[in-house]
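This report introduces one protein structure to a reader who has not seen it before. It goes through charged pairs, strands and helices in turn.

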Amino acid sequence: MLSFLLAGQSNMSGRGDVNALCDISNENIFVLRQNGMEIAREPVVRDFPFAGAGLSIAFANAVHMMTGEKILLIPASYGGSSLDQWKSGEKLFENTVSCVADSFSHGATLSGILWHQGEADSLSLAHALSYNTRLTAVMGSLKKRIQEEAEKKDTLHLIRQPLPVIAGELGRYLSRHKQCIHYDIVNKQMHLFASGKPNCAVVSSKGLTDKGDTLHFSAESLRILGIRYASAWADIALTHPD
């Protein structure tokens, strides 16, 4: 079984209309809950009462079809969160480490970190311009702590090395948003983060649409984005397998 961490803010959690598309959940795709694993169904990430459809089930289905492996999704994203809220020692960071540590008890191999965040940081020019530096620090700390927790549980073999990190561009429809005015800088910073790192990739948001609020991807676009994440992961993990 392959596991994937879902981290970031609302567009990773998903705010799509759960009734907009057909149900693609199946018995090979699971989600980690407090009481164990269950079949993944929308909303996968239940960070708020208004959580909606996301990208993760489409991603998981694509990876399952490519690998034949069962998939475990580890929800940790939180709507509205800034990058600084993901720093080591912060609540979101510590909760994420705990969730991944719990996943090892199910024998799943952590096979990637899926990251979509940055809308909150596009409000400030200073935060946008420093995004690469800060994301590099967050991911470095996160991978280090996860490895330490695995060593404590003697489950280091359940972490794929090197661990792929797949990030997604912010929606280009943010050009119409009145506050997220530095979104394009954040996108460029994300590409700088992935540049030169063979285990990192950034997926394009080209052609994807919002759900009418100029902030969140539509359910249809999230499905497409999930497949793009899967393709980027496969380019890393299946082209250069362990």
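The text below describes a predicted model, beginning with the salt bridges.

## Salt bridges

Side chains of opposite charge can pair when their charged atoms come close. Across the whole structure, a search finds ten salt bridges. Three of them are listed here with the N to O distance.

| Acidic residue | Basic residue | N to O distance |
|---|---|---|
| Asp47 | Arg15 | 3.0 Å |
| Glu94 | Arg145 | 2.9 Å |
| Asp210 | Arg176 | 2.7 Å |

In the pair of Asp47 and Arg15, the side chains meet in a salt bridge at 3.0 Å. Asp47 sits in the loop between strand 3 (36-39) and helix 2 (56-67), while Arg15 sits in the loop between helix 1 (10-13) and strand 2 (29-33), so the salt bridge ties together parts that are 32 residues apart in sequence. Are these two residues buried or exposed? Asp47 has 14% relative accessibility and therefore counts as buried, the cut-off being under 20%. Arg15 is buried as well, with a relative accessible area of 5%.

The salt bridge between Glu94 and Arg145 has an N to O distance of 2.9 Å. This pair links distant parts of the chain, with Glu94 in helix 3 (residues 91-103) and Arg145 in helix 5 (residues 131-152), 51 residues apart. Glu94 has a relative accessible area of 27% and is partly exposed.

For Asp210 and Arg176, the side chains meet at 2.7 Å, N to O. Asp210 belongs to the loop between strand 7 (200-203) and helix 7 (219-237), and Arg176 to the loop between strand 6 (165-168) and helix 6 (183-194), so this salt bridge ties together parts that are 34 residues apart in sequence. Asp210 counts as buried, at 14% relative accessibility.

The loop between strand 7 and helix 7 also holds Thr214. Thr214 is buried, at 16% relative accessibility. Which residues does Thr214 contact, leaving aside its neighbours within four places in sequence? They are Tyr173, Leu174, Arg176 and His177. Arg176 is thus named twice in this part of the model, as a contact of Thr214 and as the salt-bridge partner of Asp210.

Elsewhere, salt bridges link Asp84, Asp121 and Arg134 in a network.

## Strand 5 and its partners

Strand 5 (residues 109-116) has eight residues, and seven of them are buried, so this strand is largely enclosed by the rest of the structure. Strand 5 pairs with strand 1 (residues 2-8): the two run parallel and are joined by seven bridges. Within this pairing, Ser3 has Leu110 of strand 5 as its bridge partner. Strand 5 also pairs with strand 6, again in the parallel sense, over three bridges. Here Leu114 stands opposite Ile166 in strand 6.

## Helix 5 against helix 6

Two packed helices are described by the angle between their axes and the distance between the axes. How do the axes of helix 5 and helix 6 cross, and at what angle? They come within 8 Å and cross at roughly 50 degrees. Helix 5 and helix 6 are therefore oblique to each other, and helix 5 passes helix 6 in a right-handed crossing. On the side of helix 5, the contact is made by Tyr131, Asn132, Thr133, Leu135, Thr136 and Met139. Helix 6 contributes Val186, Gln189, Met190, Leu192 and Phe193.

Methods. Residues are numbered from 1 along each chain as its sequence is written. This is a predicted model: local features need pLDDT of at least 70, side-chain atom pairs count only at pLDDT 80 or more; totals for chains, interfaces and linings use all residues. Side-chain values use heavy atoms; hydrogens and water are left out. A salt bridge is a side-chain nitrogen of Lys or Arg within 4 Å of a carboxyl oxygen of Asp or Glu. Helices (H or I, at least four residues) and strands (E, at least two) are DSSP runs, numbered from the N terminus. Buried means under 20% relative accessible area, exposed over 50%, partly exposed in between (1.4 Å probe, protein chains only). Two strands pair if DSSP finds at least two bridges between them. Axes are lines fitted to C-alpha atoms, for helices over the stretch in contact, and angles run from 0 to 180 degrees between N-to-C directions. Angles under 35 degrees count as roughly parallel, over 145 as roughly antiparallel, 65 to 115 as roughly perpendicular and the rest as oblique. A crossing is left-handed if the near helix is turned anticlockwise from the far one by less than a right angle, and right-handed if clockwise. Contact means heavy atoms within 4.5 Å.
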